[in-house]
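Student: Please take one part of this model and walk me through it closely. I would like to see how the packing there is put together, and then what its surroundings look like.

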Amino acid sequence: MHKEALLAALNGKNPANVVAVMEELVARKKLMRCVSNLETEELGLLLKFLQRYSTMPRFSRFLMGLTKKVVEMRAEDIKSSDELRGDIRNLKRDVEEEIRLQQTLLQIQGIVTPLLKIAGRR
């Protein structure tokens, strides 16, 4: 029933519920078993969820780790499916964009921080 719970959550519209179900499955040591038992279409559903929400700050720590494990575990299935390869390309593009955004924010912070310190002295 673990796989069914995961799929029901993925088909829902609330990402917080999906992550809560995933965290519960991790606590029960069943999440990776569920992932390994997903059919190609179900794996695509999971990859689309990961693409959409893995860069959201609220979920990123958990979902990025999960994404790495899913890709490593299901690499052969991903290679054999054009649709799954497309999902991975989209996921990669979104993660690269998030990295660029974070680097830009760090550069801005590096510029603003000294200015704020100077302004605070006056």
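Tutor: Happy to. A word on terms first: helices are DSSP runs of H or I with at least four residues, strands are runs of E with at least two, and both are numbered from the N terminus. With that in hand, residues 2-114 are 84% helix and 0% strand, and the end C-alpha atoms of this span lie 52 Å apart. Please keep in mind that this is a predicted model. For residues 2-114, the UniProt record, an unreviewed entry, gives the feature "domain: U3 small nucleolar RNA-associated protein 15 C-terminal".

The part I would pick is the packing of α2 against α4. Two packed helices are described by the angle between their axes and the distance between the axes. Here, helix α2 (residues 15-27) and helix α4 (residues 40-53) have axes that come within 12 Å and cross at roughly 115 degrees. The crossing of α2 past α4 is left-handed. On the α2 side, the contact is made by Pro 15, Val 18, Val 19 and Met 22, while α4 contributes Leu 46, Phe 49 and Tyr 53. Sorted by type, the residues of this contact are seven nonpolar, no polar and no charged.

Tyr 53 is a good residue to follow outward from here. Tyr 53 sits in helix α4, and because its relative accessible area is 14%, under the 20% cut-off, Tyr 53 counts as buried. Leaving out residues up to four places away in sequence, Tyr 53 touches Pro 15, Phe 59 and Leu 63. Pro 15 brings us back to α2, as it is one of the residues on the α2 side of the contact. Leu 63 is ten residues from Tyr 53 in sequence, with 7.7 Å between their C-alpha atoms.

Just beyond α4, Thr 55 lies in the loop between α4 and α5 (60-73). Thr 55 has a relative accessible area of 18%, so it too is buried. Apart from neighbours within four places in sequence, the contacts of Thr 55 are Ser 60, Met 64, Asp 94, Val 95 and Glu 98.

Helix α5 holds Val 71, whose C-alpha atom is 9.0 Å from that of Leu 47, 24 residues away along the chain. Val 71 is partly exposed, because its relative accessible area is 29%. Beyond its neighbours within four places in sequence, Val 71 is in contact with Ile 78 and Ile 88.

Further along the chain, Ser 81 occupies the loop between α6 (75-79) and α7 (82-121). The relative accessibility of Ser 81 is 13%, so this residue counts as buried. A polar atom of the Ser 81 side chain lies 3.3 Å from the backbone nitrogen of Leu 84. As for a link back towards α4, the C-alpha atoms of Ser 81 and Gln 51 are 17 Å apart, with their positions 30 residues apart along the chain.

Finally, return to α2 and look at the loop that joins it to α3 (31-36), where Lys 29 is found. Lys 29 has a positive phi of about 60 degrees, although it is not a glycine. Lys 29 counts as exposed, because its relative accessibility is 73%, whereas Tyr 53, back in the packing we began with, is buried.

Key. Residues are numbered from 1 along each chain as its sequence is written. This is a predicted model: local features need pLDDT of at least 70, side-chain atom pairs count only at pLDDT 80 or more; totals for chains, interfaces and linings use all residues. Side-chain values use heavy atoms; hydrogens and water are left out. Buried means under 20% relative accessible area, exposed over 50%, partly exposed in between (1.4 Å probe, protein chains only). A polar contact is a pair of N or O atoms within 3.5 Å; within protein, one must be able to donate a hydrogen and the other to accept it, and residues adjacent in sequence count only if both atoms are side-chain atoms. Axes are lines fitted to C-alpha atoms, for helices over the stretch in contact, and angles run from 0 to 180 degrees between N-to-C directions. A crossing is left-handed if the near helix is turned anticlockwise from the far one by less than a right angle, and right-handed if clockwise. Contact means heavy atoms within 4.5 Å. Ala, Val, Leu, Ile, Met, Phe, Trp, Tyr, Cys and Pro count as nonpolar, Asp, Glu, Lys and Arg as charged, and the others, Gly among them, as polar. UniProt positions are given in the numbering used here, feature names are shortened, and annotations may be inferred rather than shown by experiment.
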